[in-house]
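User: I'd like to understand the terms used for this model. Could you take me through them, with the reasoning behind each label?

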Amino acid sequence: MTKTESKTSEKRQNKGHHIDVRFTEEEYNQIVTNASKCGMHKSIYLHDAVLGHQPKQLMTEGQEDALKSLSAARSELVGIRNALHGLPQEVRKRYFKNERFMEAWIDGINYLIQHWDTIRNKFGG
């Protein structure tokens with residue numbers, strides 16, 4: 001018996017009880033659809049749902065891209081913060097008193113806020 005077969009048979013030995021449940025065609029299709037969205041087999045999906053767990057849907061490709069984009073935007077902000085933090089206080093004051101610097105800063109922050117809003121909308125928020 002291989003390692004995989006051993007694990008499978010151990011799981012089956014521990015789950016010796018089963019319950020037969022009947023569904024309408026519409027209910028069955030909904031279960032299959034929901035399980036698929038979560039990347040799960042329908043029996044595991046039902047098992048988890050019945051025991052009070054809420055299986056999570058997998059991210060869509062658009063949501064994955066949005067999350068990567070959010071990570072990149074965060075990295076940019078951290079980079080800016082670190083660059084400013086490394087400057088002496090007097091230099092930072094000069095930057096923030098400079099009108100062109102402040103306009104660029106505000107434009108950059110507004111862009112990030114709009115970008116975050118777009119990302120949030122991709123997650124249904």
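Analyst: Happy to; here are the labels, each set against its definition. This is a predicted model, in which local features need pLDDT of at least 70 and side-chain atom pairs count only at pLDDT 80 or more, while totals for chains, interfaces and linings use all residues. Residues are numbered from 1 along each chain as its sequence is written, and side-chain values use heavy atoms, with hydrogens and water left out.

User: What makes up the protein chain, in helices and strands?

Analyst: The protein chain has six helices and zero strands. Both kinds of element are DSSP runs numbered from the N terminus, helices being H or I with at least four residues and strands E with at least two.

User: Why is the pair Lys-93 and Glu-90 called a salt bridge?

Analyst: The term asks for a side-chain nitrogen of Lys or Arg within 4 Å of a carboxyl oxygen of Asp or Glu. The closest N and O atoms of Lys-93 and Glu-90 are 3.8 Å apart, so the pair meets the definition. The structure holds one salt bridge. Both residues lie in helix H5 (residues 89-97), three residues apart, about one turn of the helix.

User: Why does Lys-93 count as partly exposed, and Asp-48 as buried?

Analyst: Buried means under 20% relative accessible area, exposed over 50%, and partly exposed in between (1.4 Å probe, protein chains only). Lys-93 has 38% relative accessibility, so Lys-93 is partly exposed. Asp-48 has 19%, so Asp-48 is buried. You will find Asp-48 in helix H3 (residues 42-50). Leaving aside residues up to four places away in sequence, Asp-48 touches Met-40, His-53 and Pro-55, where contact means heavy atoms within 4.5 Å. Of the 125 residues of the protein chain, 10% count as buried.

User: How do you know that H4 is roughly antiparallel to H6?

Analyst: The axes of helix H4 (residues 61-85) and helix H6 (residues 99-122) come within 9 Å and cross at roughly 155°. Angles under 35 degrees count as roughly parallel, over 145 as roughly antiparallel, 65 to 115 as roughly perpendicular and the rest as oblique. The crossing angle therefore makes H4 roughly antiparallel to H6.

User: Which residues of H4 and H6 meet?

Analyst: Among them are Ala-66, Leu-70, Ala-73 and Leu-77 in H4, and Phe-101, Trp-105, Ile-109 and Leu-112 in H6.

Key:
Axes fitted to C-alpha atoms, helices over the stretch in contact; angles between N-to-C directions.
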